[in-house]
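Reader: Before accepting any label given to a residue, a helix or a cavity, I would like to see the value set against the rule behind it. Could you take me through this case in that way?

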Amino acid sequence: MSAVLENNYFISPTRGQRDILEVADDVAEFINEDQISKYKVVVGTDSEHNGSPQTADFVSVVVVHRLGKHGRYFWRRLNSIKTFDRHDRILKEAAYSLELAHRIVGELRTRLAERLYDFEIHLDIGHNGPT
């Protein structure tokens, strides 16, 4: 298990500090509250330099959206992560998001059984801007 997920707590505006297992519990509980609605679970990570060209802060988020209604989100910040250049930052963003997605999907599989939801990993990669 990665120290990135185990040693860093997520923040929920409604529930406070949550570890990764509590985030999975909260997402599953939210989905199970309304079995008629459709859901999307999204994970993503973004970064910015924190004043030093060699380090950046990374923020990852887990969002569960009850489509057409409302949702919940959980975020965590990793401070002063060593980075070499823009490409390294993009790779770290993708790696953190993939690691988080792998863990969340695995945990939700055990909590939601046959419940269906759409899943998305958001990556800051596109045709506009330097990334």
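Author: What follows takes the labels one after another, each with its value and its rule. The model is predicted, so that local features need pLDDT of at least 70 and side-chain atom pairs count only at pLDDT 80 or more, while totals for chains, interfaces and linings use all residues. Residues are numbered from 1 along each chain as its sequence is written, and side-chain values use heavy atoms, with hydrogens and water left out.

Reader: Why is Thr83 called buried?

Author: Buried means under 20% relative accessible area, exposed means over 50%, and partly exposed lies in between, with a 1.4 Å probe and protein chains only. Thr83 has a relative accessible area of 1%, and therefore counts as buried. The residue sits in the loop between β5 and α3, where helices (H or I, at least four residues) and strands (E, at least two) are DSSP runs numbered from the N terminus. Leaving aside neighbours within four places in sequence, Thr83 is in contact (heavy atoms within 4.5 Å) with His49, Pro53, Gln54, Thr55, Ala56, Phe58, Asp88, Arg89 and Lys92.

Reader: What makes Val63 partly exposed, and Ser60 buried or exposed?

Author: Both residues belong to strand β4, Val63 and Ser60 alike. Val63 has 26% relative accessibility, so it counts as partly exposed; Ser60, with a relative accessible area of 0%, is buried. Val63 touches Lys40, Val41, Val42, Arg72 and Tyr73, not counting residues up to four places away in sequence, and its C-alpha atom is separated by 7.9 Å from that of Lys40, which is 23 residues apart from it along the chain.

Reader: How do you know that the side chains of Ser60 and Thr45 make a polar contact?

Author: A polar contact is a pair of N or O atoms within 3.5 Å; within protein, one must be able to donate a hydrogen and the other to accept it, and residues adjacent in sequence count only if both atoms are side-chain atoms. The contact that joins the side chains of Ser60 and Thr45 is 2.7 Å. Beyond four places in sequence, Ser60 is also in contact with residues including Phe10, Phe74, Trp75 and Tyr96.

Reader: What makes the phi of Ala113 worth a remark?

Author: Most residues other than glycine have a negative phi. Ala113, which is not a glycine, has a positive phi near 50°, and this residue comes just after α3, in the loop between α3 (86-112) and β6 (118-122). At 60% relative accessibility, Ala113 counts as exposed. Ser80 likewise has a positive phi, of about 55°, but its place is in strand β5 (residues 71-82), and its relative accessible area of 47% makes it partly exposed.

Reader: How do you know that the length of α2 agrees with the expected span?

Author: The expected span of a helix is 1.5 Å times one less than its number of residues. For the 14 residues of α2 this should give 20 Å, and the end C-alpha atoms are 20 Å apart, so the two agree. For α3, with 27 residues, the reach from first C-alpha to last is 38 Å, close to the 39 Å expected. At the N-terminal end of α2, Asp19 acts as a cap, with a side-chain oxygen 3.0 Å from the backbone nitrogen of Leu21; at the start of α3, a side-chain oxygen of Asp85 comes within 3.1 Å of the backbone nitrogen of His87.

Reader: What makes a set of residues a nonpolar core, and which members touch the most others in the largest one?

Author: A nonpolar core is a set of buried Ala, Val, Leu, Ile, Met, Phe, Trp, Tyr and Cys residues joined through side-chain atoms within 4.5 Å. The largest has 18 residues, of which Val27, Val41, Val62 and Ile104 touch the most other members. Helix α2 gives the most to this core, with six residues.

Reader: Why is the space beside α2 called a cavity?

Author: On a 1 Å grid over the protein atoms alone, a cavity is a set of points where a 1.4 Å probe fits but cannot get out, and lining residues have an atom within 4 Å of a point. By this rule there are two cavities of 30 Å³ or more, and the largest holds about 60 Å³, a volume being the space filled by probe spheres set on the points, which are joined across faces, edges and corners. Its lining includes Ser12, Arg15, Asp26, Phe30 and Arg72, and α2 gives the most to that lining, with five residues.

How values were computed. On a 1 Å grid over the protein atoms alone, a cavity is a set of points where a 1.4 Å probe fits but cannot get out, and a pocket is an open set with protein on both sides within 12 Å along at least five of seven lines; lining residues have an atom within 4 Å of a point.
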